[in-house]
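Hi,

Here is the structure I said I would send over. Have a look at it first, and then read on for what I found.

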Amino acid sequence: MSSDAVSRAGLPAHFFVVSLSTGLLALVTWFIWSAPPVARTVWLAGGWTAGVLFYYGALRYPHWYWQTLERWYHQLGSPPHFYRIAGLWLPWLVIIATVLCVVGVVWGLAFAPPHHEQGNSYRIIYLHVPASSAALMAYVAMGVAGLVALVWRLKMAEIAIKAIAPFGAVMAAVSLLSGAIWGRPTWGTYWIWDARLTSMLILFFMYLGVIALQNAIRDPRQAGRAAALLSVVGVINVVIVRYSVDWWQSLHQGSSMSMFGTAGSAIHPSMLAPLLLCMFGTYFLFAVTVLVRARTEILWRERKSAWVREEVA
């Protein structure tokens, strides 16, 4: 239906049917979801509102919506445009990542109270948890980029996978090493073939597999497609890592924090606040690292282009 027809006849019936049905589904989900009430409200109400507004705008202004999405797709998929946009974002992302990480680490190590059972040994949580979370997030990002690369053959998606993989591998290694150090005083051993530890180790090897594929195949496009396929398949292991402590009997503790409020957190707010700062700081560090590596890869692949010679001149 065109925008003129919609404006004359009002919104079509399917808009109200879809909006009402998804609203009822969100309401039912709110009652059966075990997350804290604040988290349920933010995710469900916010997601439903954003979806309805997008739906409404797409019906009222379809040409503008699709033209805007198409323009963003082509701009972000263009190496020269992405290179310049990333260069504008990087200084701000560096500042945000630095402030969050420094404040979070100093707060957690120097000012957060000691744990009533573990004493000060628990403070490694300010390294272990952000690294573990970033390792999982990075592989999900690789999976999304891999899907885009396989379906739409977008060159920037292949570059994104190559930029993400080393960071994810480092985060997975930091998670395993810090977990082993933390496990010695709490479990009495550095390592046990626990479901969570084993699946995280597999995730680390999958990162190495993606990196190996990208370096073993000489043709960058063939290497990108092979790495994209492994990235998409490997997302299954991310789900296993996340829910391993719930599905199997595990020595590793379950989730003890909530991103929204403290109602669902077993961590005291004085310990949770610096932990969240460290986590968000690591996420911004992820963005900085990926953009820097992507810009470097773009320069290498496009080194014979005229725009590259102008940039480096």
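How many helices and how many strands does the secondary structure of the protein chain come to? The count is 11 helices and zero strands, and before going further I should say that this is a predicted model. Reading along the sequence you get α-α-α-α-α-α-α-α-α-α-α.

Some overall numbers for the chain. The C-alpha trace spans about 70 × 55 × 35 Å along its principal axes. There are 313 residues in the protein chain, and 39% of them are buried. If you take contacts between residues at least 6 apart in sequence, 72% of these join residues at least 24 apart.

Now to α5, which covers residues 79-111. With 33 residues at 1.5 Å each, α5 should span 48 Å, and its end C-alpha atoms are 45 Å apart, so the two agree. There is a bend in α5, though: about 35 degrees at Leu90, with a proline, Pro91, following within four residues.

Which residues of α5 are buried? Going along the helix, they are Pro79, Pro80, Phe82, Tyr83, Ala86, Leu90, Leu93, Ala97, Leu100, Gly104 and Gly108. So Leu90, where the bend sits, is one of the buried residues. The cover over these buried positions includes α4 (62-76), α6 (125-152), α7 (155-187), α10 (269-301) and α11 (306-312).

One residue to click on in α10 is Leu285. Leu285 has a relative accessible area of 36%, so it counts as partly exposed. Setting aside neighbours within four places in sequence, Leu285 is in contact with Ala97 and Phe167. Ala97 is also among the buried residues of α5. For a sense of distance, Leu285 and Ile85 are 200 residues apart in sequence but 17 Å apart in space, C-alpha to C-alpha.

Next, α6 and α7. α6 has 28 residues and reaches 40 Å from its first C-alpha to its last, close to the 40 Å expected at 1.5 Å a residue. How do α6 and α7 pack? Their angle is about 155 degrees and their axes are 7 Å apart. An angle over 145 degrees counts as roughly antiparallel, and therefore α6 is roughly antiparallel to α7. The crossing of α6 past α7 is left-handed.

The loop between α6 and α7 holds Arg153, and its backbone is worth a look. Most residues other than glycine have a negative phi. Arg153 is not a glycine, yet its phi is positive, at about 55 degrees. You will find that positive phi just after α6. Is Arg153 buried, partly exposed or exposed? Its relative accessible area is 47%, so Arg153 is partly exposed.

Last, α7 also packs against α9, which is residues 220-247. Here the angle is about 65 degrees, with the axes 9 Å apart. Angles of 65 to 115 degrees count as roughly perpendicular, so that is how α7 and α9 sit to each other. On the α7 side, the contact is made by Lys155, Glu158 and Ile161. On the α9 side, it is made by Pro220, Arg221, Gly224, Arg225, Ala227, Ala228 and Ser231. The crossing of α7 past α9 is left-handed.

Cheers

Note on methods:
Residues numbered from 1 in each chain as written. Predicted model: local features only at pLDDT ≥ 70, side-chain atom pairs only at ≥ 80, totals over all residues. Heavy atoms only, no water. Helix = DSSP H or I, 4+ residues; strand = E, 2+ residues; numbered from the N terminus. Expected span 1.5 Å × (residues − 1). Bend = angle between axes of the 7 residues up to and from the residue. Buried < 20%, exposed > 50% of the residue type's maximum accessible area, 1.4 Å probe, protein only. Contact = heavy atoms within 4.5 Å. Axes fitted to C-alpha atoms, helices over the stretch in contact; angles between N-to-C directions. Parallel < 35°, antiparallel > 145°, perpendicular 65-115°, else oblique. Left-handed = near helix turned anticlockwise from the far one by under 90°.
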